[in-house]
Amino acid sequence: MNLSGLRGPLGAGGLLVGLSVLLLLVAAVSGRGDLTSATLVLVGVGSLIGGLFLLAFTREEPLPAGTAALLAPQAVIDLARLCADLGVQGNAHIVRTETGLVQLVPVAADSPPPVPADDDYSFQLAGDGGAVRLLPTGLTLLRDLQERHRLVLPAELAGVAVAIREVGEVALLLADKVEAVPEGDGIVVRLEGYRLFEGCRRVRAESPRACTMIGCPVCSLFACMVAEGTGRTCVIDRVAVDEKGREVRLALRLLS
C-alpha cells in the first residue's frame with residue numbers, strides 16, 4: 001500500500017537535494033581525486049542545483065481545510081432530511097454485495113438487518129419494513145485509495161483498524177492523530193485535531209442523527225473499509241464530538 005510516497009515537484013526537489021548530499025559526501029570521504037570523484041562531484045552539484053530550483057519555484061496550494069470541510073455537509077443534511085420525511089429512523093448499514101458496496105437505512109431503528117434487494121431502486125420494500133438504498137458517501141474516497149494508493153484491506157478486524165489509522169493520518173492527513181481500536185465486534189475510531197471539524201459542526205447543528213443515518217464522507221469511508229475488508233455488514237452505530245479538542249469519536253459495529 002503506497003500511502004506516503006514522494007509526489008509532485010516538491011517531493012522530487014527534496015529527493016534531488018538528498019541525493020546530491022549523499023553523492024558529495026561519498027566524493028569527500030573517498031578523497032581519491034580521480035575521474036570517478038570528479039564525476040560524483042559534478043552529478044552531486046547538478047542534483048543540488050536542480051533540487052533547489054524545484055523547491056524555490058514550485059508552490060503547492062492545497063485547498064484550505066476550512067473550505068474542504070464545507071464541501072459535503074449540505075448533501076449529508078439533505079439526504080438525512082429526505083430520509084426523515086420518508087419516516088426512516090435507522091442507522092446506516094454498509095453492505096458488501098456482488099456488485100459492490102451499498103448503504104441501507106432501515107425504516108425503524110430496531111428493524112432486523114436489511115438485506116439488499118435484487119433491484120437497485122432507492123427504496124426497497126421487504127418483510128422487515130423496508131429501507132432506503134443509497135451509495136455510501138465515502139465510496140468514492142475508498143475507490144480512489146484502492147486505485148491510486150493500491151490500498152488492500154485485510155479480512156481481519158485488527159488489520160482493518162491498522163489500515164484506517166494509516167489512511168486517516170498518513171494518506172489523507174485528516175487529523176493530528178487517528179486511533180482505530182477493535183472493540184467487541186466492531187471498531188472505535190478517534191480523530192484528534194480533526195481538520196474537517198467545521199463540517200461536523202454544520203451537520204450536527206442541523207441534526208446529530210444525520211451522522212449515523214447518512215454519515216459524512218470520512219465516517220462513511222471508515223465504515224466502507226470495514227465492510228469491504230471483512231465482508232460483513234457494518235453499522236454506523238454512534239458518533240460523538242468534542243468541540244474543545246476538535247475530536248470525533250466513531251463507533252462502528254459489525255453484524256454477523
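Two strands count as a pair if DSSP finds at least two bridges between them. With that idea in hand, let us walk through this predicted model, starting at a simple pair. Strand 1 and strand 2 form a hairpin, with two residues between them. The two run antiparallel and are joined by five bridges. If you look for Thr97, you will find Gly100 of strand 2 standing opposite.

Now step back to take in the whole protein. Its chain folds into nine helices and eight strands. Of the 256 residues, 41% are buried. Among contacts with a separation of 6 or more, 60% are made by residues 24 or more positions apart. Keep that in mind as we go, as several of the partners below are distant in sequence.

The strands come together in an open sheet of eight, with antiparallel pairing and the order 3-4-2-1-7-8-6-5. Two of them form the edges, strand 3 (123-124) and strand 5 (175-182), and each of these pairs on one side only. Strands in a sheet are held to each other by backbone hydrogen bonds, and the pairing can be parallel or antiparallel.

Let us follow the sheet from strand 1 towards strand 5. Next to strand 1 in the order comes strand 7. Two bridges link strand 1 to strand 7, and the two run antiparallel. You can locate both bridges by their residues: Ile94 has Cys234 as its partner in strand 7, while His93 is matched with Val235.

Strand 7 then leads to strand 8, and here we meet another hairpin, with four residues between the strands. In its turn, Arg246 has a positive phi of about 45 degrees. Eight bridges connect strand 7 with strand 8, again in antiparallel fashion. One residue to look for is Ile236, whose bridge partner in strand 8 is Leu252.

At the end of our path, strand 5 meets strand 6 (residues 186-194), running antiparallel and joined by seven bridges. There, Lys177 faces Glu192 of strand 6.

Next, turn to what covers the sheet. Helix 9 (residues 217-230) lies across strand 1 (93-97), strand 2 (100-106), strand 6, strand 7 (234-242) and strand 8 (247-254). The angle between helix 9 and strand 8 is about 30 degrees.

Helix 9 also has a helix for company. Helix 6 (residues 157-171) packs with helix 9 at an angle of about 145 degrees, and their axes are 10 Å apart. On the helix 6 side, the contact is made by Leu157, Val160, Ala163, Ile164, Val167 and Gly168. Helix 9 answers with Leu221, Phe222, Met225, Val226, Gly229 and Thr230. Sorted by type, these residues are nine nonpolar, three polar and no charged. The crossing of the two helices is right-handed.

Some of those names come back when we look inside the protein. The largest nonpolar core holds 55 residues, and those with the most contacts within it are Ile164, Ile187, Val189, Leu191, Phe222, Met225 and Val226. Helix 9 gives the most to this core, with nine residues. Ile164 is a good place to see how the pieces meet. Beyond its close sequence neighbours (those up to four places away), Ile164 touches Val178, Ala180, Ile187, Val189, Phe222, Met225 and Val226.

Two more residues are worth a visit. Where does Ser220 lie? Ser220 belongs to helix 9. Ser220 counts as buried because its relative accessibility is 0%, and buried means under 20%. Setting aside residues within four places in sequence, Ser220 is in contact with Gln103, Pro136, Thr137, Gly138 and Gly215.

The other residue is Cys211, found in helix 8 (residues 209-213). Is Cys211 buried or exposed? With a relative accessible area of 11%, Cys211 is buried. Not counting residues up to four places away in sequence, Cys211 touches Val203, Arg204, Ile236 and Val239. You have already met Ile236 as the bridge partner of Leu252. Finally, look for Cys200: Cys211 and Cys200 are eleven residues apart in sequence, and their C-alpha atoms are 8.3 Å apart in space.

Key: Residues are numbered from 1 along each chain as its sequence is written. This is a predicted model: local features need pLDDT of at least 70, side-chain atom pairs count only at pLDDT 80 or more; totals for chains, interfaces and linings use all residues. Side-chain values use heavy atoms; hydrogens and water are left out. Contact means heavy atoms within 4.5 Å. Axes are lines fitted to C-alpha atoms, for helices over the stretch in contact, and angles run from 0 to 180 degrees between N-to-C directions. A nonpolar core is a set of buried Ala, Val, Leu, Ile, Met, Phe, Trp, Tyr and Cys residues joined through side-chain atoms within 4.5 Å. Buried means under 20% relative accessible area, exposed over 50%, partly exposed in between (1.4 Å probe, protein chains only). A crossing is left-handed if the near helix is turned anticlockwise from the far one by less than a right angle, and right-handed if clockwise. Ala, Val, Leu, Ile, Met, Phe, Trp, Tyr, Cys and Pro count as nonpolar, Asp, Glu, Lys and Arg as charged, and the others, Gly among them, as polar.
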